Amino acid sequence: MAAQTPSDTDNHLAGIKAQLARVHTAIPAVVVSYDQTTQTCTARPIVRFKYRDADGAVQNYDPPAIANVPVAFPRGGDFSITWPLAAGDAVPLVFAERSLDEWRSVGGSAV
């Protein structure tokens, strides 16, 4: 039986799936370092990522540490709960849909 040629729809869906595989919303990480003054940390994702090399073989790699990550402690009104973070602590690493730079610099609603 002859192989069936993929349709345009199949090709588009395969492309979309490939791109979505590169979109990350939340992954586990460990703290590399923590700055209590700025409440930011450097965190290293602890999952391995995959990519397809030039020969088509699937390869694994460890993602690099991410610096200047805002740490979100629970807060409301005039109160907050904080605790010391140390290198090696496990944390969830959550990715924003947009850059947080404007929000962090001016506060309020960001474009």
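# Briefing: core, strands, rings and pocket

Once residues up to four places away in sequence are set aside, Val31 touches Cys41, Thr42, Ala86, Ala87, Gly88, Asp89 and Val91. The model in which these contacts are found is a predicted one. Val31 also belongs to the largest nonpolar core, which has 12 residues in all, and the points below begin with that core before turning to strands, rings, the largest pocket and a few backbone angles.

**The nonpolar core**

- The largest nonpolar core is made up of Ile27, Ala29, Val31, Cys41, Ala43, Phe49, Val69, Val71, Phe73, Leu85, Val91 and Leu93.
- Three elements give two or more residues to this core, namely strand 1 (26–35), strand 2 (40–45) and strand 8 (90–94), and the largest share, three residues, comes from strand 1.

**Thr42, a contact partner of Val31**

- Thr42 is part of strand 2, and Thr42 counts as buried because its relative accessibility is 18%, which falls under the 20% limit for that word.
- Leaving out residues up to four places away in sequence, Thr42 touches Val30, Val31, Val32 and Ser33, and also Ala65, Ile66, Ala67 and Asn68.

**A hairpin of two strands**

- Strand 3 (residues 49–52) and strand 4 (residues 58–61) run antiparallel and are joined by four bridges.
- One core residue takes part in this pairing: Phe49, listed among the residues of the core, has Tyr61 in strand 4 as its bridge partner.
- Strand 3 and strand 4 form a hairpin in which five residues lie between the two strands, and Gly56, in the turn, has a positive phi of about 90°.

**Aromatic rings**

- The structure holds four aromatic pairs, and one of them, formed by Phe73 and Trp83, is edge-to-face, with 4.8 Å from centre to centre and 85° between the planes.
- This pair links distant parts of the chain, 10 residues apart, since Phe73 sits in the loop between strand 5 (66–70) and strand 6 (75–76), while Trp83 sits in the loop between strand 7 (79–80) and strand 8.
- Is each partner of the pair buried or partly exposed? Phe73 is buried, with a relative accessible area of 5%, whereas Trp83, with 42%, is partly exposed.
- Ring pairs also bring in Tyr34, so that Tyr34, Phe73 and Trp83 are linked into a cluster.

**The largest pocket and Val69**

- Rolling a probe the size of a water molecule over the atoms shows where empty space is left.
- How much space lies in the largest pocket? The value is about 730 Å³.
- The largest pocket is lined by 26 residues, and the closest of these to its centre are Val69, Pro70, Val71, Ala72 and Val94.
- Strand 5, strand 8 and helix 2 (101–106) each supply at least two residues of this lining.
- Val69, which lies in strand 5, is among the residues of the largest nonpolar core and also among the lining residues closest to the pocket centre.
- Val69 counts as buried because its relative accessibility is 14%.
- Apart from neighbours within four places in sequence, Val69 is in contact with Gln39, Thr40, Cys41 and Leu93.
- The C-alpha atom of Val69 is separated by 9.9 Å from that of Thr38, a residue 31 residues apart from Val69 along the chain.

**Phe95 and the early part of the sequence**

- Phe95 has its place in the loop between strand 8 and helix 2, and at 30% relative accessibility Phe95 counts as partly exposed.
- Which residues does Phe95 contact, leaving aside its neighbours within four places in sequence? The contacts are with His24, Thr25, Ala26, Ile27 and Ile66, and Ile27 is also listed in the largest nonpolar core.
- Although Phe95 and Thr25 are 70 residues apart along the chain, their C-alpha atoms are separated by 5.1 Å.

**Positive phi angles outside glycine**

- Gln39, in the loop between strand 1 and strand 2, has a positive phi near 50° although it is a residue other than glycine.
- At 24% relative accessibility, Gln39 counts as partly exposed, and Gln39 is one of the residues in contact with Val69.
- Asn68, found in strand 5, is not a glycine either, and its phi is positive at about 60°.
- Asn68 counts as partly exposed, with a relative accessibility of 49%, and Asn68 is one of the residues that Thr42 touches.

Key
Residues numbered from 1 in each chain as written. Predicted model: local features only at pLDDT ≥ 70, side-chain atom pairs only at ≥ 80, totals over all residues. Heavy atoms only, no water. Core = buried A, V, L, I, M, F, W, Y, C linked by side-chain atoms within 4.5 Å. Buried < 20%, exposed > 50% of the residue type's maximum accessible area, 1.4 Å probe, protein only. Contact = heavy atoms within 4.5 Å. Phe/Tyr/Trp six-rings, centres within 6.5 Å; stacked < 30°, edge-to-face > 60°. Pairing = 2+ DSSP bridges. 1 Å grid on protein atoms, 1.4 Å probe; cavity = no way out; pocket = protein on both sides within 12 Å on 5 of 7 lines; lining within 4 Å. Points joined across faces, edges and corners; volume = space filled by probe spheres on them.
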